[in-house]
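Open the structure in your viewer and keep the selection panel at hand. The stops below go from one strand pair outward to the chain contact.

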Amino acid sequence: MKSLLRTFLAAALTLSVASGAFAAAASSKLVVAFLPKSKGNAYFISCKAGAEKAAKELGVELLFDGPTDSNAAKQNEIVENWITLGVDVIAVAAENKEGISTALRKAQRAGIKVVTYDADAMPDARSFFVNQATPEGIGHALMDDAARLLNGEGDFAMIVATLTAANQREWQKHIEARLKEKYPKMKLVAVRPCDDLKDKAQSEATAMMSANPNLKLIMAICSPGVPGAAEAVKQAGKTGKVKVIGLGLPNENRRYVHEGVTDTVILWNTGDLGYLTIHAGVALAKGDLKPGAKSFKAGSLGSFAVQGDNILLGKPFAFNKGNIDQFNF
Amino acid sequence: MSRYFRELSVVGALAVALIAMAVFAPAFFQPQPLLSLATREAPTLVVACGMALVIICRQIDISVGSMFSVVSVCTGILAARGWPLLLVLPIAAGLGAALGALNGALVAGLRLPSIVVTLATMVALRQGLNLVRQGEFVNMPDTVQWFGLPQATGQWVLVICALALLAALGLGLRHLAAGRFVYAVGTDAEAARLAGIRPQLVTFGVFVFIGALTGLAAMMNIVQSPQVQPLSGMGLELKVIAAVVVGGVAISGGRGNLWGAFAGLLLLACVAPALTHLRIEAYWEKAIQGAIILLAVVADGLRERRQA
């Protein structure tokens, strides 16, 4: 059974490599390979939509492949295949920072240009990282939006994934710094963890509202926390009285945004991320983008800042009632 | 009195905690938030009942969290496709029972240690679900939430269902022959066998039972909100094992009852909202819960030494 499976996998792999090779050989176009963390994930599918748009504009061939689940070893395998195939550019969202870097260095030695997006590899394993959001950008966007909704005044509370997770600490730091610097009349009255569980976020938000009758807003900085908090506000009958904002995905929050429970969901524009990544990869291959560049112009999206070897996608994107239906992930 | 000292001490601790809250943070006792919190714990109570049975039978099932997630997602998908909830309900229980039967067959049939078997099914089910869903939520139509009833009615229905199940199982465990068999097997499987009980059948039975209860609990979970997170149920096994142990069910089997497990669950579930009301940092939540569990285990250990 096992050997049968292996044979089947090998055959499938050969087939996919062969068809890729055919595609590569059939045109003299640049071939750009785009690797997501997992290819069935709606988030990456929406990145791919932007990547396809860029590939069409630039007249390059786009290969899209990835593990079916988030599998670091499978990512390496796919990169190895692309090296054999001789693609021109590889764009990777790394599942495992160290794990993928060996394969990417090998690709660079083979003359392939490498960029990363969404999640970076080791700096020496790629030329540029297309950075979708800096912790500072996210922290400021959330805090500014909270202040906008409360007119700069009132109590708010936060739901985090865990109290110790590095990215959460980092975002929280920037949120609190912004609060101190710009909004003296706002007060952070509670920070509670939800262990990345929507149901726990709901219970936490319920308790926070009953413990703080003057609470005006709940900010959730982990994605399951946003719908969890929204459900709690809705069940408490406090829609509009306690506002909900947070960091999350449109599909998980769509109904609450339409119902007016959740005001803003902040993330980045995933389509733009894919678009910018392909533009950067192609510009790198054509020699238009070189290390040390201070800015980079990507087609219809205009100019982006480059900080060191990070190309910054810029300000986070705010999904709200007006635009959320344009996104499906 | 002394016979139920262990359970009564948990009830006493709970009473002290609630009185303290009444004095220091009376806002804790507001009907709507309490009902919402109770509704959130209702599925946990149902699984805790099953876990009490399994532990009294001197087994353990750490796959309940994963089973809960799998059944939640599967039934959520059926509900999202418009299947009537009355049809989805038996499917939920049946799917849970089938998963429990797999555990039971491996433990009772092949006589494998339950901790290893259910560790394997826990990981396999969780990873399988991750593979298929990639963390994506299941969005359901609005009619699923609260069975289409008004919110407060739906919440009461769930809480009363959970309490009714607790009462039925608690009485059954005490007064039905099948209930006594569980104690007999948990106390001494060989003696039970000599008394004419088939220990492997009883063991198989409790695993099927906890599976079915977990399936029901998953159903009680999906009707609480319009969307199912595939991660829901993560850590549920620890929550219910803790509740059961705190409630005086001996991890060595044969002793304890569901009323104690219920009190244990209430005590542990109060910790997080109480801290929020007392404005104590969330860092303390797990520490306090851990201390409660430790205290319970030490109390059990001391009593066993005294009896030995």
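Which residue is the bridge partner of A:Gln307 in β13(A)? The bridge partner is A:Asn310. This is a predicted model, in which local features need pLDDT of at least 70, side-chain atom pairs count only at pLDDT 80 or more, and totals for chains, interfaces and linings use all residues. Residues are numbered from 1 along each chain as its sequence is written, with chains lettered from A and ligands numbered from 1 in the order in which they are written.

Next, select residues 302-307 and 310-312 of chain A: these are β12 and β13, paired in the antiparallel sense over 2 bridges. Strands (E, at least two residues) and helices (H or I, at least four) are DSSP runs, numbered from the N terminus. Two strands pair if DSSP finds at least two bridges between them.

Widen the selection to the open sheet of 8 strands in chain A, in the order β2-β1-β3-β4-β5-β13-β12-β11, with mixed pairing. At its edges are β2 (61-64) and β11 (295-298) of chain A, each pairing on one side only. Neighbouring strands of this sheet are turned by 25° against each other on average, direction ignored; axes are lines fitted to C-alpha atoms, for helices over the stretch in contact, and angles run from 0 to 180 degrees between N-to-C directions.

Now add α3 (72-85) of chain A. This helix lies across β1 (31-35) and β3 (89-92) of chain A and runs at about 175° to β1(A).

Finally, show both chains: 27 residues of chain B are in contact with 33 residues of chain A (C-beta atoms, placed from the backbone, within 7 Å). On the side of chain B that touches chain A, α2 (31-56), α5 (114-133) and α11 (258-278) of chain B each supply at least two residues. The largest share, 5 residues, comes from α2(B).

Conventions. Two residues are in contact if their C-beta atoms, placed from the backbone, lie within 7 Å.
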